[in-house]
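Thanks for making time this morning. I would like to walk you through a few backbone details, and I will begin with one residue and then work outwards.

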Amino acid sequence: MGEPVSEMCDHLIKAVNVMMDAESSQIYRLEALKFCEEFKEKCPFCVPCGLQLADKAQTAVVRHFGLQILEHVIKFRWNNMPQQEKVQLKNCAMGLLSSGTYPILEEESHIKDVLARIIVEMIKREWPQHWPDMLKEMEALTSVGEAQTELVMMILLRLAEDVITFQTLPAQRRRDIQQTLTQNMESIFSFLLTILQLHVDEYRRSVLDAKAHCRVGVAALSTLAGYIDWVALAHLTNDNCRLLEMLCLLLSETELQLEAAECLLIAISRKGKLDDRKPLMVLFDDVAMHYILSAAQSADGRHYIFLKRLCQVLCSLGSQLCFLVVSLSALSLITIIYLLYCFMYYAFPHQFLRSSTQITWGTLFRHEILSKDPVIIQMMIKYFRATMTNLVKTGFPSRNDSPSCEYSRHDFDSDEDFNSFFNSFRAQQGEAVRNACRVVPLEGFQIAAEWLQYQISTPIDIGTTGSKMAEGLCSILSPSAVQWDAMTFFTESVVGQLFKNVEVEKLPVDQGIELLQAVLNYNTQDPLILSCVLTNLSSLFPFVTHRPHFLPQVLYKLFASITFEVVEESKAPRTRAVKNVRRHACSSIIKMSRDYPWFILPCFDILYNQVKKLFSNEALLTQMEKCALIEALVLISNQFKDYTKQKAFLEELMATVAARWTSDEMRVLLEPALFLAFLGADQLMAEGTDHTTGINRSRLSFCVYTILGVVKRARWPADLEEAKAGGFVAGYTPSGAPIYRNPCTPQVLALLPNLLALIRTHNNLFLPENMCRLSETFSRAYEVIEVERKVVLGLTQPVLDIYDSPVYKTHLERMQGFFCTLYDNCYHILGNAGLSLHQDFYTIEGLAEQIVGSALISLDNLVLSCPQEYYDSLLCPLLGPLFAYMLQVRDDEDEACEENQVTQEMLEEQLVRLVTREVLDLLSKSRLWDKGREWDVGTSTPGSVTELSLPLQDIYMTLLTISFTSLSWKDTSNCHRTASMVCWTLLRQVVGGNLLPEAVTWFYASVLKGLQMHGQHEVCNSALTQLALIIYDNLRPRYMELRSVMTQIPSINLEALDQYDQRLLEPSSAQKVGEKKRKDQFKKLIAGTVGKDLGQQFKKEVHIRNLPSLFKKPKLEKRDIVEPSETGSLAALFSPTQDNI
């Protein structure tokens, strides 16, 4: 055989060199790859070739290929090899470990890795039954040299990963190996610690071989990390916590400190019983804490990764402290020092390290015991002071204006990444501040007041990055802008807790009013600063309820901001900052009107007159700003608590809108061609020219905005007696519940016909004959706008606009925005109408036909608010076409998606997926049928579909079709939710009826199709398997056809299927089986239907045979408990004659 082996090895060496040579052509490389793969699959002398190629005399790539051949043989041929060949291969592999490698510092890492894989693959197949001395052989290898010791460490680590972490072998083999490891864990840990101690000592003593011993130390620590996560906690604390002590000592060794910190982090992060974790408190002793804190103090930016790990160690220690401390007396001086060093990390000039401590601070501040300790309370004050620095948004990787910028370049790829991180970091700080303010609210408010006063008195500094809009204005990175922004966030967090945690008589009202006056008197033309001023004004507004005479000043300040402009009479578009100021002011008025309507009511006339004054100039406000002010007025008018008065006010408020909406001009809403001409969408427009029909779009938007605002906000009093006294109660239902009437009902109902006409016309715009009416300028007007496209595709990270330049929109972008907003608002009106108008809306004659004829869209509020007596008249005509349409949309999508371009295909598929989820969400929330019941196979059918009306029966069958079809759609979350909540809930209603056999087989086959599509996902697999089991168990006795479906499953065991059917059909004659075992048997029956993901479909299967089990549980002998035994019978214990018991 020698000559053929040598000849084949020469061919293999040439093939490997061709594959690895960068100059080789693709054709030659593919031919070489094909030759090598065919050799591994078919050649009878792979082992001798592999051993010859793995010789040290060969190059590294050839050696690696030779070892790969041996690994392939073990993985795919081991089961068919004679025992003698297995022993020979094992001995050769052990020989390679002992003498087949170069010294530790010279050997390639990939050679070591594949050698470790070879040994582990043999261990997985033969240990412990056929290789009982494996651990002893590994221990003996460590005496050969450092290279062998490192390889042993790698073998033990990979074994733990394959068996415990990745679980890449059958259950019985995994159980045997894991139990053997557990039984030997004490000796394994002792062995690992001895190796670590030995080589660390040698590393410290020697000079020439220091690097070699260091490499072994690193390998030993890495191996320990693979075991610490899952072994019994007792092994971590054995021998007076020897392991933890060694890890703490190694934190001072520069070359080993990172791996030691990772081991320590895993150990400290362990979960488990509190009693088992108590020994971890040894790390709060003086010696251990000294080493940990010394390492933290001595580390600098050059060891940045170690700094991060050590920070995580300290944070995990804090979590354990919160779990394990039982009283304040348990806190020691060293704990105080620990807190101070945690604080040092929070004050460290790097944002990532600061953020890492946030969870710890939040946990400490809300801890029931620790938060009351005087030391923790003092730390809260220090935390407030440090937060004043850490809330300032600095450290962008593209800049150099902060010490943290250099560190940010290690962690973030762009300013956008950093900005996204910092927003999350700021939210964490806000939560910690709020937790601290529950304990020390007055101290927090005092710091916030000082900071606010300081910012007001400090001149504005625009820095080197001013706004491009006008001279002297800040950009978002200007020093003053970031300081104001940080202060505003802090003040908002603090003041909100002040009113929740301080009694009214103890509130610092005078100081709060003083701050409010300072804010009111502060004037600036910088939009970024003014936006912060408005936020502070809103935060401090609760103080105004104690000094009502300040209310007019607050309102005037807000109204001045609603019309804010940087450059008066400028025709340039407003910047984002200016728009934010105006929207901020509108939102503040709405918030005050919502939260304090009773307080603002005396100033209602002032507010109303100011709104009228603003509305007199049509171009002064945007339509959204006008709508916001209308909403505020409606909210306050709810406090009239007089139906007649409020109705009269709403009629006056909507008079202009009602006149325009019902005028002859609005006949354009009835015809798509007239509508497009009215909007100017059929005209060619050059950029830079004014669009003369823009005023039409603006007025139309205002009408819809106004209707929406009134429908959303107009309400009757919450108190029944007040509602009755004000005339809001129109009667009572048969059950005695009051029937309310909304004062906006007459106005809204009068405007509803044109609204439905607008929706119908809007939907008809997508017809081909109307699409062609669009001019070239607006040919893409119906496409999804860019912002929503990014949201749908999950690309939500915004581009950071540092300079806040004016945003110029094209005519097309404006038209797209108009269509999108108008469409959304129309459906929001319909959705809110049911919630707001109640029976006045649902009793509209022909409402269902009107909605179906105009808006075939899921309307959650409309359906969920619908009283049961209107189901047949409204919901059946509405939901029937809706669900049938959704089923058709999904079918069309599945057929057409291949024809679309990649991005458009992704967008459309995601849109259909989102709509489908909305429909199924509506289904699960609706009250048309029972929902969300837990599965109970033994429960009788609660009702029958035949009890429903005929329209509902049609809807029901459509829903069944949608639900079972959706199991195989490419949407795992939808599959899981439908399988676990919807399918059986619907199907159980009809199992008692006369279902056609074809329908039953279709339902069952649909579940199996779902398993084929999503079975590789554990969550979906569990839900679908449970669903299949319930359907089969309930319907198999009546439908023999289900067996024919089962027999079509690939690789099904027909004998096992017969046994399962026998137990199901003849439970009295069959042997009883436990519920869990029965489920496992069924899972095995349908295992052939479970699909694989793309990455696993073409992967060659690795088969590992089970060995005779070492750990069989002895079967307990069954015996009657009343049968007499050596100690007497159970009956004898209760015998009255037994006096000596």
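N240 counts as exposed, because its relative accessibility is 72% and the cut-off for exposed is over 50%. Please keep in mind throughout that this is a predicted model. N240 sits in helix α12, which covers residues 233-250, and what draws attention there is its phi, which is near 55°, a positive value in a residue other than glycine.

There is another residue of this kind to look at, namely H838, which also is not a glycine and has a positive phi of about 55°. H838, however, is found in a loop, the one between α40 (811-837) and α41 (839-842). Its relative accessible area is 29%, so H838 is classed as partly exposed, given that this class lies between 20% and 50%.

Staying with the backbone, which peptide bond is cis? It is the one leading from W127 to P128, where omega is near 5°, and P128 belongs to the loop that runs between α6 (109-126) and α7 (134-141).

Let me finish with a helix, α4, which comprises the 18 residues 60-77. At 1.5 Å a residue it should span 26 Å, and because its end C-alpha atoms are 25 Å apart, the expectation and the model agree. As for burial, the buried residues of α4 are V62, R63, H64, F65, G66, L67, I69, L70, E71, H72, V73 and I74, a list in which you will notice R63, H64, E71 and H72 alongside residues such as V62, F65 and L67.

Technical notes
Residues numbered from 1 in each chain as written. Predicted model: local features only at pLDDT ≥ 70, side-chain atom pairs only at ≥ 80, totals over all residues. Heavy atoms only, no water. Helix = DSSP H or I, 4+ residues; strand = E, 2+ residues; numbered from the N terminus. Expected span 1.5 Å × (residues − 1). Buried < 20%, exposed > 50% of the residue type's maximum accessible area, 1.4 Å probe, protein only.
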